[in-house]
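Got your viewer open? Load the model, pick a colour scheme you like, and keep the selection box handy.

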Amino acid sequence: MAATHSMQTQLFINGQYVDSKSGETWKVTNPATDELITDKVQTAGEADIDAAVDAAAKAFKDASWRGIKAADRAKMMLKFADLIEAKAGEIARFETIAMGAPLSVQTFVAHSAADVFRYYAGWADKIAGEQYPDDDGTYKIVRYEPLGVCAGIGAWNASLILFAWKVAPALAAGNTFIFKTSEKSPLGVLSLGSLIKEAGFPPGVVNLVTGDGKTGQLLAQHMKIQKISFTGSGATGRKVADAANKSNMKRCTLELGGKSPAIVFEDADIENALNYCSQGFLLLSGQVCAAASRTYVQKSIADKFIAQLKERFDAAGQGMGADTLAPTTMLGPLADKIQFDRVMSYIESGKKEASLVTGGKRIGEKGQFIAPTIFKDPSENAKIYKEEIFGPVGIVKTFETEEEAIRLANDTTYGLSATLYTQSVTRALRVSAALESGTVSVNSSHSPSVQTPFGGVKQSGIGRECGKQGLMNYLEPKTIHINMKVG
Ligand code: NAP
């Protein structure tokens with residue numbers, strides 16, 4: 001019988017689980033039940049981060065990693081993917097009990113993380129360079145080389161996929177890695193240490209640390225880390241970028257928040273639009289960076305659409321409060337009390353800034369559940385309209401013309417993900433081109449694909465993850481010129 005995949009609260013450094021030198025620990029509480037899961041999760045302090053960096057730096061130069069064929073790196077990644085898949089349910093459970101997203105959703109996320117390792121394993125031995133002829137007497141070569149020690153900092157909403165989006169391309173490119181989970185969701189990623197070892201990665205190639213913002217800051221400012229990929233809020237992203245610049249000008253990718261629009265035109269397949277604007281938006285209880293939290297409906301269909309949207313939000317709310325470990329549960333609580341309070345404070349200000357269509361209250365007495373909430377017609381300066389809420393709170397507004405819809409959709413400092421609903425292909429293409437957004441989805445919510453770049457414009461970020469662009473972020477071009485007139 002396969003061994004049980006056990007809960008880990010230690011750091012994973014240099015191929016083994018170790019106690020943090022800082023000696024600090026913190027608690028993880030299940031936000032669905034308010035029960036204590038563990039009070040032993042270990043915080044990585046400065047000495048721990050230095051140990052992880054030293055291990056990763058040594059591994060980067062070691063023949064067991066640097067000296068092997070790219071195809072052998074790929075083999076380890078493929079084995080790791082199989083191991084994640086084999087334990088997906090158990091890994092997912094650690095995420096569910098820590099941050100509340102239902103097991104059904106987290107199991108899907110765990111399988112997706114395995115697929116990301118498979119996708120990038122395929123790239124490992126296909127990293128080519130370029131050459132240009134010596135028509136001017138110089139033969140020119142461009143090589144793409146790994147950067148060295150890379151680090152990743154994740155948000156809590158989908159730790160396993162954020163881990164995979166960062167670590168898989170970095171390894172395919174030949175780098176070594178230190179990943180920090182959020183303190184809200186450390187358990188799933190920490191449990192991967194034993195699988196990293198079993199997959200055959202040499203010690204130090206992948207290191208897992210946990211801790212709060214101070215731990216993240218230690219990574220962002222470290223002089224021996226060559227690249228940092230950050231996923232989280234804009235406010236923290238700025239701090240990470242500042243620390244990266246002020247230290248050693250490490251390369252920096254920022255995957256930040258959004259306030260994404262969904263535009264529903266009168267010619268849309270209305271059932272389909274309603275599904276995505278309700279269940280699609282409410283996935284992870286609205287705690288998704290790409291969630292379309294501003295819905296614009298064309299006036300001619302608005303009254304009926306909003307009434308039906310309300311019905312669907314209310315129906316979704318009926319399922320809230322159910323056991324998050326039950327396979328049929330689709331919606332969970334907010335990630336913790338802090339996130340609950342944050343979302344409730346937006347709801348309270350929303351009640352003064354807009355008209356409440358439905359929701360606006362907690363569900364149950366236990367756990368951090370908030371009813372799916374819709375606000376209608378906020379003013380264009382309202383806080384709930386401008387700021388990312390990151391909870392089950394949608395805003396609905398109406399528009400009359402395509403131009404107005406585009407203006408409203410673009411009137412934001414964010415630009416992560418836009419969606420539009422129409423049956424006209426030409427309109428879909430025209431509006432997609434006009435939207436200021438890193439991704440646009442037509443007739444569905446945006447669901448990132450590992451094959452295509454994901455990331456934002458404006459204040460939603462810098463750089464892209466996934467696809468070939470995600471790989472190139474972990475490579476540095478080196479130009480070699482050879483004077484052909486000599487020798
Ligand atoms: P956050 O508060 O910015 O935290 C993100 C990560 O940064 C956490 O691991 C956090 O640690 C760490 N951190 C905090 N202060 C830091 C500092 N000074 N230096 C370095 N790291 C620091 O964001 P969050 O609340 O976890 O996540 C929600 C946000 O993430 C939303 O804005 C959402 O849109 C965004 N997000 C974006 C994407 C994307 O791909 N674009 C995906 C998912 C989420 P602790 O949590 O342990 O304090």
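What follows is a walk through this model, stop by stop. Bear in mind that the model is predicted.

**Stop one: the two domains**

Start by colouring residues 11-256 and 261-449 separately; the domain assignment calls them domain 1 and domain 2. Their C-alpha centres lie 31 Å apart. Show the contact next: domain 1 puts in 20 residues and domain 2 puts in 24 residues.

**Stop two: the big core**

Now select Phe80, Phe117, Tyr120, Phe163, Phe201 and Leu208. These are the residues with the most contacts inside the largest nonpolar core, which has 101 residues. Which helix gives the most to this core? That's H6, with 11 residues. Keep your domain colours on here: domain 1 and domain 2 both give residues to the core, so it lies between them. There is also a second, separate core of 28 residues, and Tyr296, Leu334, Val343 and Leu408 are among its members.

Back in the big core, centre on Leu208. Leaving out residues up to four places away in sequence, Leu208 touches Leu11, Phe12, Phe163, Phe179, Val189, Leu190, Leu192, Gly193 and Ile196.

**Stop three: H5 against H6**

Show residues 103-123 (helix H5) and 159-172 (helix H6) as cartoon. The axes of these helices come within 9 Å and cross at roughly 10°. With angles under 35 degrees counting as roughly parallel, that makes H5 roughly parallel to H6. Turn on side chains: on the H5 side you'll find Val109, Val116, Phe117 and Tyr120 among the contact residues, and on the H6 side the partners include Phe163, Trp165, Val167 and Leu171. What is the make-up of this contact in nonpolar, polar and charged residues? It has 16 nonpolar, two polar and no charged.

**Stop four: Glu183**

Jump to the loop between strand E8 (176-180) and helix H7 (187-190), where you'll find Glu183. Glu183 is partly exposed, at a relative accessible area of 35%. Beyond residues up to four places away in sequence, Glu183 touches Trp26, Val28, Gly211 and Asp212. Try a distance label to Val41 too: the two C-alpha atoms are 8.6 Å apart, although 142 residues separate them along the chain.

**Stop five: Thr324**

Next, select Thr324, in the loop between helix H12 (299-318) and helix H13 (337-353). Is Thr324 buried or exposed? Buried, with a relative accessible area of 2%. Its contacts, not counting residues up to four places away in sequence, include Ala32, Thr96, Gly100, Pro102 and Leu103, as well as Thr329, Gly332 and Pro333.

**Stop six: Ser349**

Step along into helix H13 and pick Ser349. Ser349 counts as buried at 14% relative accessibility, since the cut-off for buried is under 20%. Outside the residues up to four places away in sequence, Ser349 touches Lys383 and Ile384.

**Last stop: Gly258**

Finish at Gly258, in the loop between strand E11 (251-255) and strand E12 (261-264). Gly258 is buried, with a relative accessible area of 4%. Hide its neighbours within four places in sequence, and the residues in contact with Gly258 are Cys289, Glu388, Tyr414, Leu416 and Ser460. For one more distance label, go from Gly258 to Gly321: these are 63 residues apart along the chain, with 27 Å between their C-alpha atoms.

Note on methods: Residues numbered from 1 in each chain as written. Predicted model: local features only at pLDDT ≥ 70, side-chain atom pairs only at ≥ 80, totals over all residues. Heavy atoms only, no water. Axes fitted to C-alpha atoms, helices over the stretch in contact; angles between N-to-C directions. Helix = DSSP H or I, 4+ residues; strand = E, 2+ residues; numbered from the N terminus. Parallel < 35°, antiparallel > 145°, perpendicular 65-115°, else oblique. Contact = heavy atoms within 4.5 Å. Nonpolar A, V, L, I, M, F, W, Y, C, P; charged D, E, K, R; others polar. Core = buried A, V, L, I, M, F, W, Y, C linked by side-chain atoms within 4.5 Å. Buried < 20%, exposed > 50% of the residue type's maximum accessible area, 1.4 Å probe, protein only. Domains from an automatic or database assignment.
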